[in-house]
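Student: I have this model open and want to go through it piece by piece. Start with whatever terms you need, then take my questions as they come.

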Amino acid sequence: MNVTGHTRKAVSIRDVAAAADVSYQTVSRVINGHPSVRTATRERVLATIEELGFRRSVTAHALASGRSRSVTVLTANTTHYGYATILQGIEEAARGASYALGIGVLETADERSVRAEIRRAADTGGGLIVIAYDPAGVRALRAVPAGLPVVGVVETPASPPGADRPWVWTDDRAAAHEATRHLLALGHETVHYVPIPSSTSGTAPRTAGWRAALRSAGAPEPRRVQGGWGPAAGHAAGRRLAADPAVTAILCGNDDLALGVIRALHEAGRAVPGEVSVAGFDDAPGSAYLTSSLTSVRLDFAGLGRAAFALLHGVVEQAAPITPHPVSVPELVVRESSGPPPDAP
């Protein structure tokens with residue numbers, strides 16, 4: 001499932017005025033509850049608003065009036081390291097700009113549930129930031145009504161999005177490519193992969209980067225081992241990989257998966273990195289203190305959150321052209337968990 005499709009044009013106050021055969025100033029007075037509008041005219045304008053599906057940008061109105069400044073983050077998870085650190089970055093930026101911050105949790109990808117959460121967020125009178133790293137987030141980003149200020153934090157897009165899609169992301173494809181190339185350069189014949197779930201039905205960016213690095217090196221592409229988000233999923237995948245003596249290098253979709261994989265290798269009596277090298281993703285704070293310390297791709301999730309808020313501020317204020325963009329360059333941090341294969345000279 002991709003975040004695709006064109007954003008439909010929002011109904012403007014002038015569209016309502018033309019359809020109701022009144023001035024746009026009259027529509028404005030009706031919206032704001034001004035008493036100097038005749039009852040028949042008010043009813044006609046309200047009926048036209050309902051018919052056309054007009055939605056006022058309450059955030060822009062609040063900013064203009066100086067009465068309210070708020071943003072709601074829609075997310076399916078608040079505990080995993082990447083999600084939580086993005087939220088931290090948004091909160092820091094929102095606090096610095098004197099914005100109130102709310103969080104709407106997407107408990108399921110069910111369309112009715114997602115739309116209900118969007119309505120609740122819209123009713124708070126602020127803009128939205130959607131963390132679209134999973135099916136629920138993707139559906140929410142696609143379902144936000146036209147005219148409501150929104151920014152998406154997304155997986156690496158397959159192609160550069162247009163200005164109608166105010167998104168931010170990190171280049172996961174390039175990061176996975178670099179991590180895989182690092183392991184291959186140590187002398188491993190190939191690199192096995194334990195992925196995190198993807199927001200898309202196609203090839204996930206990290207998977208694409210891993211695969212491209214293998215093909216560039218002429219290395220065989222092993223079957224991916226089913227992963228997940230947490231250490232338990234990594235442990236289950238690690239037990240399968242540990243049973244195969246040909247496995248000497250493993251890339252994990254996040255550091256929590258790597259933690260579980262390393263535990264499974266230890267239980268099977270396979271040393272890291274003496275027999276098997278392991279690399280993770282995200283460079284979570286504990287990764288440097290594992291035994292062996294974990295080689296991992298460092299992603300600036302807090303910076304991603306700050307960039308998302310800055311972009312939303314631009315959407316609301318229309319202060320500058322909206323430019324979707326990647327945030328920072330992922331950095332491979334090489335530590336003790338990666339080394340040459342056991343049969344290396």
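Tutor: A strand here is a DSSP run of E with at least two residues, a helice is a run of H or I with at least four residues, and both are numbered from the N terminus. Keep in mind that this is a predicted model.

Student: Fine. Where is Val105, then?

Tutor: Val105 belongs to strand β2, which covers residues 100-105.

Student: Is Val105 buried, exposed or partly exposed?

Tutor: Val105 counts as partly exposed, because its relative accessibility is 36%, and the range for that class lies between under 20% for buried and over 50% for exposed.

Student: Which residues form a nonpolar patch with Val105?

Tutor: Leu101 and Ile103 form the surface patch with Val105, and together the three have about 220 Å² of accessible area. In a regular strand the side chains alternate between the two faces of the sheet.

Student: Zooming out, how many helices and strands are there in the protein?

Tutor: The protein has twelve helices and eleven strands. It has 345 residues, and 50% of them are buried. The exposed area comes to about 16200 Å², with 51% of it supplied by carbon and sulfur atoms.

Student: And the contacts? What share is between residues 24 or more positions apart?

Tutor: That share is 70%, counted over the contacts in the protein with a separation of 6 or more.

Student: Back to β2. In what order do the strands of its sheet come?

Tutor: The order is β2-β1-β3-β4-β5-β10, an open sheet of six strands with parallel pairing. The edges are β2 and β10 (325-326); each has a single partner strand, so one side of each is left without a neighbour in the sheet.

Student: How many bridges are there between β1 and β2?

Tutor: Six bridges, in the parallel sense, with β1 running over residues 70-75. Within that pair, Val73 stands opposite Ile103 in β2. Ile103 also belongs to the nonpolar patch.

Student: Which helix packs on that sheet?

Tutor: Helix α6, residues 111-123, packs on the sheet and touches β1, β2 and β3 (127-132). The direction of α6 makes about 165° with that of β1.

Student: Now the five-strand sheet. What is its order?

Tutor: The five strands run β6-β7-β8-β9-β11, again as an open sheet, with mixed pairing. The edge strands are β6 (192-194) and β11 (331-333), each with a single partner, so one side of each has no neighbour in the sheet. On average, neighbouring strands of this sheet are turned by 20° against each other, direction ignored.

Student: Mixed pairing, OK. Which sense does β9 take with β11, parallel or antiparallel?

Tutor: Antiparallel: three bridges join β9 (residues 295-298) to β11. Ser296 has Val333 in β11 as its bridge partner. By contrast, β8 and β9 run parallel, joined by four bridges, and Ala279 stands opposite Thr295 in β9.

Student: What does helix α9 touch in this sheet?

Tutor: Helix α9, residues 205-217, packs on the sheet and touches β6, β7 (249-252) and β8 (277-282). Its direction makes about 175° with that of β6. One residue to look at in α9 is Thr207.

Student: Why call Thr207 buried?

Tutor: Thr207 has a relative accessible area of 2%, and buried means under 20%.

Student: What is Thr207 in contact with, neighbours within four places in sequence aside?

Tutor: Thr207 is in contact with Tyr193, Pro195 and Arg224.

Student: Backbone next. Which residues does the cis peptide bond with omega of about 10° join?

Tutor: Val272 and Pro273. Pro273 sits in the loop between α11 (255-267) and β8. A cis bond also runs from Thr291 to Ser292, with omega near 5°. Ser292 is in the loop between β8 and β9.

Student: What about positive phi at Asp21?

Tutor: Asp21 is not a glycine, yet its phi is positive, about 60°. It lies in the loop between α1 (13-20) and α2 (24-31), and it counts as exposed at 67% relative accessibility.

Student: And what is phi at Ser98?

Tutor: Phi at Ser98 is positive too, about 60°, and Ser98 is not a glycine either. Ser98 is found in the loop between α5 (81-96) and β2. With 56% relative accessibility, Ser98 counts as exposed.

Definitions and conventions:
Residues are numbered from 1 along each chain as its sequence is written. This is a predicted model: local features need pLDDT of at least 70, side-chain atom pairs count only at pLDDT 80 or more; totals for chains, interfaces and linings use all residues. Side-chain values use heavy atoms; hydrogens and water are left out. Patches are made of residues with over 30% relative accessible area and no salt bridge: like charges are joined within 9 Å, nonpolar side chains (Val, Leu, Ile, Met, Phe, Trp, Tyr) within 5 Å. Accessible areas come from the Shrake-Rupley method with a 1.4 Å probe; for residues, only the protein chains shown count as cover. A salt bridge is a side-chain nitrogen of Lys or Arg within 4 Å of a carboxyl oxygen of Asp or Glu. Buried means under 20% relative accessible area, exposed over 50%, partly exposed in between (1.4 Å probe, protein chains only). Contact means heavy atoms within 4.5 Å. Two strands pair if DSSP finds at least two bridges between them. Axes are lines fitted to C-alpha atoms, for helices over the stretch in contact, and angles run from 0 to 180 degrees between N-to-C directions.
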